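Please open the model in your viewer and keep the selection tool at hand. The stops below say what to select and what is there.

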Amino acid sequence: MNEQIKRGEGELKEFANLHHHGLIVPNIRQSMDGIGRELNIDWAPVRRFDPLRVWLPDTGWSEAHLTVTYSRQGPIHFELIEMVPGGAYEALLAVSRAHVGAWVQDVGAEVEALLAQGWRVIAAGASPKHRYGQMAYMARGDGPVLELVGEPIRPLIEEWIASAE
């Protein structure tokens, strides 16, 4: 997307580099089969993050236990996330089952810019002291959930999407 989306007084340039549309699902294999069949989508290999350390604003460090895949088709990829209940991603699920993810050069700088515009951090890869790591989930009011994903991990994700089973 070449144009910037504006909302109120602030520009949401973070939406300019969308990469994926994520969805928390109860069963990743069933979702892969159903969505894949309906939309003719092929999937990257499923990966487990067990555990994934996550920083939450209200509680500090926590863990999530996730199973994740991406669609091979893009440029906006589907991301499916199956989570073990009771982990850190409950904070994300409490806001929305869906999110959009965008590449950003500097996660910490983007988080700070969005905080100044009234957004809040739902979960992040690190604490504010460590500039939120390489990912941060943000929300504003009842609006969409935006995942800021650091450019430094882009090659890893692109390699994952392109890899064979």
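**Stop 1: an aromatic cluster**

Start by selecting F49, which is partly exposed because its relative accessibility is 29%; buried means under 20% relative accessible area, exposed over 50%, and partly exposed in between, with a 1.4 Å probe and protein chains only. This is a predicted model, in which local features need pLDDT of at least 70, side-chain atom pairs count only at pLDDT 80 or more, and totals for chains, interfaces and linings use all residues. Residues are numbered from 1 along each chain as its sequence is written, and side-chain values use heavy atoms, with hydrogens and water left out.

Add W160 to the selection: W160 is buried, with a relative accessible area of 5%. Next add Y70. The ring centres of Y70 and W160 are 5.1 Å apart and the planes stand at 85 degrees, so this pair is edge-to-face. Rings of Phe, Tyr and Trp (for Trp, the six-membered ring) pair if their centres lie within 6.5 Å; planes under 30 degrees apart count as stacked, over 60 as edge-to-face and the rest as tilted. Y70 belongs to strand β5 (residues 60–70) and W160 to helix α4, so the pair ties together parts that are 90 residues apart in sequence. Helices (H or I, at least four residues) and strands (E, at least two) are DSSP runs, numbered from the N terminus. Both Y70 and W160 are buried.

How many aromatic pairs does a search of the whole structure find? The search finds 4. In the pair of F49 and W160, the ring centres are 6.0 Å apart and the planes are at 55 degrees, so the pair is tilted. F49 sits in strand β4 (residues 47–56) and W160 in helix α4, so here the parts tied together are 111 residues apart in sequence. Ring pairs thus join F49, Y70 and W160 in a cluster.

**Stop 2: a charge over a ring**

Select R53 and W61. The charged end of R53 sits over the ring of W61, 3.9 Å from the ring centre. A charge sits over a ring if NZ of Lys or CZ of Arg is within 6 Å of the ring centre and within 35 degrees of the ring normal.

**Stop 3: salt bridges**

Side chains of opposite charge can pair when their charged atoms come close. A search of the whole structure finds 5 salt bridges, each a side-chain nitrogen of Lys or Arg within 4 Å of a carboxyl oxygen of Asp or Glu.

Select R48 and D50, a salt bridge whose closest N and O atoms are 3.1 Å apart. R48 counts as exposed, at 56% relative accessibility, and D50 as partly exposed, at 44%.

Move to R154 and E158, where the closest N and O atoms of the salt bridge are 3.0 Å apart. Both residues lie in helix α4 (residues 154–162), 4 residues apart, about one turn of the helix. R154 is partly exposed, with a relative accessible area of 28%; E158 is partly exposed at 41%.

Now select E112 and R131, whose salt bridge has its closest N and O atoms 2.6 Å apart. E112 is in helix α3 (residues 107–116) and R131 in the loop between β8 (120–124) and β9 (135–139), so the pair ties together parts that are 19 residues apart in sequence. Add D106 to see a network of salt bridges linking D106, E112 and R131.

**Stop 4: around helix α3**

Keep D106 selected. D106 also caps the N-terminal end of α3, with a side-chain oxygen 3.1 Å from the backbone nitrogen of G108.

Which residues of α3 are buried? They are V107, G108, E110, V111 and L114. They cover an arc of only 165 degrees around the axis, which puts them on the same side of α3; the arc is that of the directions from the helix axis to the C-beta atoms. Just after α3, select G118, which takes a positive phi of about 100 degrees.

**Stop 5: two buried side chains**

Select R140, in the loop between β9 and β10 (145–150). R140 counts as buried at 17% relative accessibility. Its side chain reaches the backbone oxygen of Q117 at 3.3 Å.

Finish with H20 in strand β3 (residues 18–24). Is H20 buried or exposed? H20 is buried, at 2% relative accessibility. A polar contact of 2.9 Å joins the side chains of H20 and E147. A polar contact is a pair of N or O atoms within 3.5 Å; within protein, one must be able to donate a hydrogen and the other to accept it, and residues adjacent in sequence count only if both atoms are side-chain atoms. Leaving aside neighbours within four places in sequence, H20 is in contact with several residues, among them Y70, H77, H99 and V149; contact means heavy atoms within 4.5 Å.
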